[in-house]
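Here are some short exercises to work through with the model open beside you. Try each task before you read its solution.

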Amino acid sequence: MAQFDRAIPPGGVGHITLKVDTAGYAGNMRWQARVYSNDPANPVATIALQIILKPAVIFWPPIVFLKGSQKESVTASVRIQRKLDKPLRIEALGFTLEKQVNYKIVEIEPGKVYEVRFVSVPGGEKRYRGVLKLKTGYKEKPEIEIPVWGEFAN
């Protein structure tokens, strides 16, 4: 998102504010913005922002996909890992698929690594999508949302 002074008098100073949404990004990132002016010598200038984003928490895979027969339980899991040098605490905030899927949060390495284990409920709907919301205890990343999709055959 960009905010800028629309008109700058000759010889004056203007301000440009660029905001970048870094949600979902990690590693080396680069963003650019072009600034257009009526200056015949420099009609276009480029502003570049290059940063290394270090997430507070990572989880993998990014989506839980449960697929199989409606007559059987299908399982999947997500691993959650801290990337900060302070203990991670995971706590459930809400789940939109309580009738279709059961889950359990397991602490693998205290304060560092968790696993969320999902199990489909036999006889449930053929298709569904929902979200498990977790609280992390980090101000840098207070919540994690894990999408859960299900697709089942008779």
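**Exercise 1: a strand and its partners**

In β7, Ile80 is the bridge partner of Phe59. This is a predicted model, in which local features need pLDDT of at least 70, side-chain atom pairs count only at pLDDT 80 or more, and totals for chains, interfaces and linings use all residues. Residues are numbered from 1 along each chain as its sequence is written, and side-chain values use heavy atoms, with hydrogens and water left out.

Task: find which strands pair with β7. Strands are DSSP runs of E, at least two residues, numbered from the N terminus; two of them pair if DSSP finds at least two bridges between them.

Solution. Step one: β5 (residues 57-60) runs antiparallel to β7 (residues 75-82), joined by 4 bridges. Step two: β10 (residues 113-120) also pairs with β7 in the antiparallel sense, over 7 bridges. Step three: look for Val78, which stands opposite Val116 in β10.

**Exercise 2: the core around Ile80**

Task: work out which strand gives the most to the largest nonpolar core. Such a core is a set of buried (under 20% relative accessible area, 1.4 Å probe, protein chains only) Ala, Val, Leu, Ile, Met, Phe, Trp, Tyr and Cys residues joined through side-chain atoms within 4.5 Å.

Solution. Step one: the core has 23 residues, and Ile80 is among those that touch the most other members, as are Leu66 and Phe118. Step two: β6 (64-69), β7, β10, β11 (127-135) and β12 (143-153) each supply at least two residues. Step three: β12 gives the most, with 4 residues.

Methods: Buried < 20%, exposed > 50% of the residue type's maximum accessible area, 1.4 Å probe, protein only.
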